[in-house]
Amino acid sequence: MERISLGDYVTAPTEGVISTTVYGGLETFELSDFLARWTGLHREALIALGKKQRIHPSAFIHPTAIVGDDVIIGPEVKVHEFTTVRKGSVLCAGAQIGFNCEVTATFVGEGAVLGHRIGINRTILGTRIHLSASVTVAAINMTADMRRPDREVIMRTTDGLYRSGTTQFGALIGDDTQTGNNISIGPGVAVGRRCQITSGVCLAIRTVPQDCTITAPHAMDADIRHRRRIFAP
């Protein structure tokens with residue numbers, strides 16, 4: 001089975017106290033190993049930081065935003081109106097989370113920008129990525145009872161199948177990747193560094209090499225016809 005090393009996709013945090021926790025060694029993990037240990041690793045980070053350092057004093061959190069008790073927020077982070085950040089998420093230095101977003105169990109790299117109406121779950125985002133409006137990252141496969149996911153997330157790679165070892169994994173999105181709007185990603189996607197994902201793309205259960213552009217064929221093949229003019233009698 002092909003290995004997916006986080007260090008080939010994302011850069012570990014280097015600013016603030018988050019870099020002194022287990023997240024400072026993010027690049028050393030293999031994806032499935034990190035996913036299996038993520039809950040415990042996050043607990044270790046919370047203990048290391050303590051309540052006083054969990055949210056950096058320079059972070060801006062809008063009064064209408066909701067932030068969970070186990071969320072870690074670095075320096076100069078911005079969380080805007082009507083956004084929810086919860087369930088063990090990490091927002092590294094300089095990250096910006098826009099209007100009306102939902103960020104759940106997600107690592108957001110330094111300088112990353114999430115536009116408005118972003119819904120993202122069980123995902124690892126690299127540094128300086130930019131997600132535009134209405135991007136959704138799903139973390140579970142369709143199943144008989146969506147409240148109890150029971151199908152492991154498996155990805156297609158150039159060398160075969162990759163087993164994530166978990167029923168909940170959205171995406172691994174590399175440093176400096178950009179997206180358009182109205183995009184659906186996951187479950188089970190790994191996108192390399194410096195990629196561009198154009199508007200309207202649906203992408204799941206596969207890996208994408210670095211420096212690629214991903215387009216939606218239907219957006220390129222739009223059918224445009226002149227309307228027939230109807231004259232009143």
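Trainee: What makes Trp38 count as buried?

Mentor: This is a predicted model, and in it Trp38 has a relative accessible area of 2%. Buried means under 20%, so Trp38 qualifies.

Trainee: And how do you know whether Phe34 is buried or exposed?

Mentor: Same kind of check. Phe34 comes out at 1% relative accessibility, and the cut-off is under 20%, so Phe34 is buried.

Trainee: Why is the pair of Phe34 and Trp38 called tilted?

Mentor: Look at the rings. Their centres are 5.0 Å apart, and a pair needs centres within 6.5 Å. The planes make an angle of 40°. Under 30 degrees would be stacked and over 60 edge-to-face, so 40° lands in the tilted class.

Trainee: How are Phe34 and Trp38 placed in helix α1?

Mentor: They sit 4 residues apart in that helix, which covers residues 31-53, so about one helical turn separates them. Ring pairs also bring in Phe29, giving a cluster of Phe29, Phe34 and Trp38.

Trainee: What makes Phe82 and Phe99 an edge-to-face pair?

Mentor: Their ring centres are 5.9 Å apart and the planes stand at 90°. Edge-to-face takes an angle over 60 degrees, so the name fits. The two are 17 residues apart and link distant parts of the chain: Phe82 is in the loop between β4 and β5, and Phe99 is in the loop between β7 and β8.

Trainee: Is Phe99 buried, exposed or partly exposed?

Mentor: Partly exposed, with a relative accessible area of 31%. Buried stops at 20% and exposed starts over 50%, so 31% falls in between.

Trainee: How do you know that Cys92 has no disulfide bond to Cys101?

Mentor: Cys101 holds the closest cysteine sulfur to that of Cys92, and it is 17 Å away. A disulfide needs the sulfurs within 2.5 Å, so they are too far apart for a bond. A search of the whole structure finds 0 disulfides.

Trainee: Which side of the buried cut-off are Cys92 and Cys101 on?

Mentor: Cys92 has a relative accessible area of 1% and Cys101 has 3% relative accessibility. Buried means under 20%, so each counts as buried.

Trainee: Which residues have the most contacts inside the largest nonpolar core?

Mentor: Val108, Leu114 and Ile185, in a core of 35 residues. Apart from it lies another core, of 27 residues, including Trp38 and Cys92. In soluble globular proteins, nonpolar side chains tend to be buried together.

Methods: Residues numbered from 1 in each chain as written. Predicted model: local features only at pLDDT ≥ 70, side-chain atom pairs only at ≥ 80, totals over all residues. Heavy atoms only, no water. Buried < 20%, exposed > 50% of the residue type's maximum accessible area, 1.4 Å probe, protein only. Phe/Tyr/Trp six-rings, centres within 6.5 Å; stacked < 30°, edge-to-face > 60°. Core = buried A, V, L, I, M, F, W, Y, C linked by side-chain atoms within 4.5 Å.
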